[in-house]
Each structure stands twice: as structure tokens, then as C-alpha cells.
Amino acid sequence: MEEDVRVDKKINIKGLVCPYTFVKSKLAVEDLEVGQVLEILLDSEEAARNIPKSMEDHGQKVLRLEKINETDWIIQVRKDKE
Amino acid sequence: MEFTEDQLQRYSRHIILPEVGGKGQKKILGAKVFIVGAGGLGCPVGYYLAAAGVGTIGMIDNDVVELSNLQRQIAHNTSRIGVPKVESVKTTFESLNPDVKVIALKEKITKDNIKDLIRDYDVVVDGSDNFPTRYLVNDACVMMRKPLVSGAILKFEGQVTTILPGEGHCYRCLFEEMPPAGLVPSCQEAGVIGAIPGVVGSLQAIEVFKLILGKGETLKNTLLIYDALRTTFRRVKVPKNPDCPVCGDKPTITELRDYDAGYCRI
Ligand SMILES: [Zn+2]
């Protein structure tokens, strides 16, 4: 796990369900420059499983996936591909 | 431009595609597509373009809806018999998607108006039902350097090709001159199974999306032939003809003509 990642943008998608969890996350990544990092706060277990896989499929790098409390996860994604 | 919440939902299945994304969807929303004909092909092409959010759709057709159209022209309906076809599709498409503006032109496309009509559009779709119009649209698009997605249907067959002037073939590279009127099927022979324009129009819509998005390979230098009875798709290579009378090295057709002959309209 990388502790000192510099996060360039944070989004909170708690309450959203598939596919809007990924729609919002993907749009946020599109707005970044290559090399920048997005941090996603979410509370859907399904999305916590699927977003990292979809991000990797789209050519991005998942730096961190962590359950931070009873209900929430954090995902950090670095934009590797335009 | 930021998406509204409604747009995020409406276009979510586009946005999650790697080839589209938010950027591609914004290209679609900003695109302008001109469709010749609001009949068998124009209906499904326009339907999918409207559903996808193509921002401006120009449609030209001089006919009104008739009962015999409804077996295949899916954007019209029984209550619109007698209504101009372009008004009918405008109502259908704009109620399907409020992001879409349909510019409805109830007139004939001619050598005198076509250049001004297509000038401001990104892509032209030919969904016309007759050879004179097909050649007029081809020649105008070559002269104006407009990408053209051409489709044709008859009986249980359909054809699609994408013409990128300056890069690939044109319709005259394929068939230099119109067939003589006698060789074209007469009205009694010119039936078509109702779902054929659905297949061909959907293929044309996909070609338009690839052009708007700049993704994938189009039917440049290729004629795609669908045979519904045998359930086959055949790709025929169509090289650009250096002696083509309109897009060749020394074109002999340098201004538009109208070709009026006794053709049956399918
Ligand atoms: Zn040619």
C-alpha cells in the first residue's frame, strides 16, 4: 500500500449504484491529466469490486483499494491513459 | 459543457464504453448529421442518432406519410398518414430525446440546393430511394469533401458503404453511371421485407458514430452486402478509381446535374 500518494481530485459517490458509480468515476478520471490521481469514496460493495477492474480494463492504474469503516471504501486511481 | 443528471443516466451506456466516454458523448451531442430521405432508411438511422443524442439532425424529404410506408418506416405511425414525413420524424425524434434538434425540410433535394443544405453538417447519410438522388448526393459530397454514408435496399438485400472524399472510393468508382431505367426493377418488382431497412439503417448509424468518434474502421473502400435469405454479410473491396468521372485525377463531372429518368422509387 502506498501511503503518501498525492491525490489531485476527490469524489464522493456514496449512495450511487451501478452503473452510475462507474459513470461518475470514469468522468472524473477523464478530467485529470495523465499521471494525476483520483480518490473515490464509496459505499457500494459491488462497485468496490467492479470499479478497480473496470479502471484497469480502461488502462488506468489502481493504487489503493481499502475498506475504511463499516460501510465505506476508498479507491485511488492514477490516470495512465488518455 | 457539463452533463446534467438526466444526461448521465440517458447516456450512461455510452459513457462507460472505453471508445466513447464522456468526451465521445460530448462529440455526439455536438455533431450535425444530414439525412437524405425520411423513409425506410432515414427512419432507423435518425432514430438511433436521436437516441444517442446527435445534437442536430437535418432531414429532407418531399413526401407525406402513406399507409403503405408503415410496413417498414418505423418513425411514422398510423395517426400521421397525410403528414409530411419530415414533420413526423421531427415529432418522433424530439420527443424521444430533448437534446436533439431536428431541422425538417419538406422539399426536393436538387442540384441547386444540395450544396447549401449540407454545407454546415459533419456527415451526410444517404437514405434515398432512387438512383438520381443517390448520384446527386455522391457528386455533391465529393465536391464538398463531406463524409457520406450510403445505403440501399431491395427485396431481401441491403448494401452499405462509407465514402470519404479524398481518402477512399466514391459511388461512381463503384458504379460509374446510373443503370438505364429499364434495368432497374419496376414498381411491381420493387418489394422489400420490412426489417431490411432496419438492418441497413442500423449499420449506417454505426458508421456515423465511428466517424463522429474517430474510432474503429469504417466501410471506406468497401461495399458491405447483406443477403437476408442466406444470412450472409459479404465485404467487397472497392478501390478508388483514378479515372472516376467525379473523384478521379481528371474529373469530367465538375458541376452538379439533375438526373431525371423514369425510375421507380423503392
Ligand atoms: Zn469516385
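## Salt bridges, a zinc site and the A–B interface

B:Glu5 has a relative accessibility of 47%, so B:Glu5 counts as partly exposed (buried is under 20% relative accessible area, exposed over 50%, partly exposed in between, with a 1.4 Å probe and protein chains only). This is a predicted model: local features need pLDDT of at least 70, side-chain atom pairs count only at pLDDT 80 or more, and totals for chains, interfaces and linings use all residues. Residues are numbered from 1 along each chain as its sequence is written, chains are lettered from A and ligands numbered from 1 in the order in which they are written, and side-chain values use heavy atoms, leaving out hydrogens and water.

**Salt bridges**

B:Glu5 pairs with A:Lys24 in a salt bridge, with the closest N and O atoms 2.8 Å apart. A salt bridge here is a side-chain nitrogen of Lys or Arg within 4 Å of a carboxyl oxygen of Asp or Glu. This pair crosses between chains: B:Glu5 sits in helix α1 (residues 5-10) of chain B, and A:Lys24 in helix α1 (residues 20-30) of chain A. Helices (H or I, at least four residues) and strands (E, at least two) are DSSP runs, numbered from the N terminus. A:Lys24 is partly exposed, at 26% relative accessible area.

The whole structure holds 19 salt bridges over all chains. Four of them are tabulated, including their closest N to O distances.

| Residue 1 | Residue 2 | N to O distance |
|---|---|---|
| A:Lys10 | A:Glu39 | 3.9 Å |
| B:Glu5 | A:Lys24 | 2.8 Å |
| B:Asp139 | B:Arg172 | 2.8 Å |
| B:Lys23 | A:Glu82 | 2.6 Å |

Within chain A, the salt bridge of A:Lys10 and A:Glu39 links strand β1 (residues 9-12) to strand β2 (residues 37-42), 29 residues apart. A:Lys10 is exposed, at 61% relative accessible area. A:Glu39 is buried, at 12%.

Within chain B, B:Asp139 and B:Arg172 meet in a salt bridge. They lie 33 residues apart, in helix α7 (residues 131-144) and helix α8 (residues 171-174). Both residues are buried.

A:Lys79, A:Glu82 and B:Lys23 form a linked network of salt bridges.

**Zinc site**

The zinc ion is held by four sulfur donors at 2.3 Å: SG of B:Cys170, B:Cys173, B:Cys244 and B:Cys247. Donors are N, O and S atoms within 2.8 Å of the metal (3.2 Å for Na, K and Ca); water is not among the atoms, so sites may look incomplete. The angles among the four donor atoms run from 94 to 124°, and the site is tetrahedral (four donors with all angles between 85 and 135 degrees). In sequence, the donor residues follow the spacing C-x2-C-x70-C-x2-C. B:Cys170 is buried at 1% relative accessibility. B:Cys173 is buried at 14%.

**Interface of chains A and B**

Eleven residues of chain A contact 13 residues of chain B, where contact means heavy atoms within 4.5 Å. The buried area is about 1,000 Å², and carbon and sulfur atoms give 64% of that area. Buried area is the accessible area (1.4 Å probe) that two parts lose on being put together, summed over both. In chain A, A:Tyr20, A:Val23 and A:Glu30 lose the most area to chain B, together 39% of what that side buries. Two salt bridges are counted between the chains.

**B:Gln7**

B:Gln7 lies in helix α1 of chain B. B:Gln7 is buried, at 11% relative accessibility. Beyond its neighbours within four places in sequence, B:Gln7 contacts B:Met1, B:Glu2, B:Ser12, B:Leu29 and B:Asp99.

Notes:
Four donors count as tetrahedral if all angles lie between 85 and 135 degrees; four count as square planar and six as octahedral if opposite donors are over 155 degrees apart and all others between 65 and 115; anything else is irregular.
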